[in-house]
Amino acid sequence: MKIVLDRPRCEGHGLCEEAAPQLMHLDEHGELVLDREELAESDTSPAQAAVRVCPVAALRIA
């Protein structure tokens, strides 16, 4: 499985970073950086939490 970021849609709210800091962070410009895109099927809970809290639906799991 993979977490996918729709970069043009992302507004850098940071809620996803709070939900899944082990997978992503905001850089010094407020841009979201995915530290891990590939996910083991047993390790999707943080990614699912990040997808749920994104107010602009810029993240999805594929």
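This briefing walks through the core, the cysteines, the salt bridges and two loop residues of the structure above. Keep in mind that you're looking at a predicted model. Its largest nonpolar core has 15 residues, it holds 2 salt bridges, and its disulfide count is 0.

**The nonpolar core**

- Start with the largest nonpolar core, where Ile3, Met24, Leu32, Leu34 and Leu59 have the most contacts inside the group of 15 residues.
- Three elements each give two or more residues to this core: the strands β1 (3–5) and β3 (32–34), plus the helix α2 (45–53).
- There's a general pattern behind this: nonpolar side chains tend to be buried together in soluble globular proteins.
- Met24 is a good residue to click on: setting aside neighbours within four places in sequence, its contacts include Ile3, Leu32, Leu34 and Leu59.
- Met24 also touches Cys16, Glu17, Val33, Asp35 and Ala50.

**The cysteines**

- Why don't Cys16 and Cys54 form a bond? The closest cysteine sulfur to that of Cys16 is the one in Cys54, and at 6.0 Å it is too far away, because a disulfide needs the two sulfurs within 2.5 Å.
- Looking from the other side, Cys54 is in no disulfide either, with the sulfur of Cys16 as its nearest.
- Cys16 counts as buried at 8% relative accessibility, and Cys54 counts as buried at 15%.

**The salt bridges**

- One salt bridge joins the side chains of Glu37 and Lys2, at 4.0 Å from N to O.
- That pair ties together distant parts of the chain, 35 residues apart: Glu37 sits in the loop between β3 and α2, and Lys2 in the segment before β1.
- Both partners are partly exposed, Glu37 at 37% relative accessible area and Lys2 at 33%.
- Another salt bridge pairs Glu31 with Arg7, whose closest N and O atoms are 3.4 Å apart.
- Here too, distant parts of the chain are linked, 24 residues apart: Glu31 is in the loop between β2 and β3, while Arg7 is in the loop between β1 and α1 (15–19).
- Glu31 is partly exposed at 38%, and Arg7 is partly exposed at 39%.

**Two loop residues to look up**

- Is His29 buried or exposed? His29, in the loop between β2 (24–26) and β3, counts as exposed because its relative accessible area is 62%, over the 50% cut-off.
- The C-alpha atoms of His29 and Glu18 are 17 Å apart, with their positions 11 residues apart along the chain.
- Thr44 is in the loop between β3 and α2, and it's buried, with a relative accessible area of 9%.
- Not counting residues up to four places away in sequence, Thr44 touches Met1 and Leu39.

Definitions and conventions:
Residues numbered from 1 in each chain as written. Predicted model: local features only at pLDDT ≥ 70, side-chain atom pairs only at ≥ 80, totals over all residues. Heavy atoms only, no water. Core = buried A, V, L, I, M, F, W, Y, C linked by side-chain atoms within 4.5 Å. Buried < 20%, exposed > 50% of the residue type's maximum accessible area, 1.4 Å probe, protein only. Helix = DSSP H or I, 4+ residues; strand = E, 2+ residues; numbered from the N terminus. Contact = heavy atoms within 4.5 Å.
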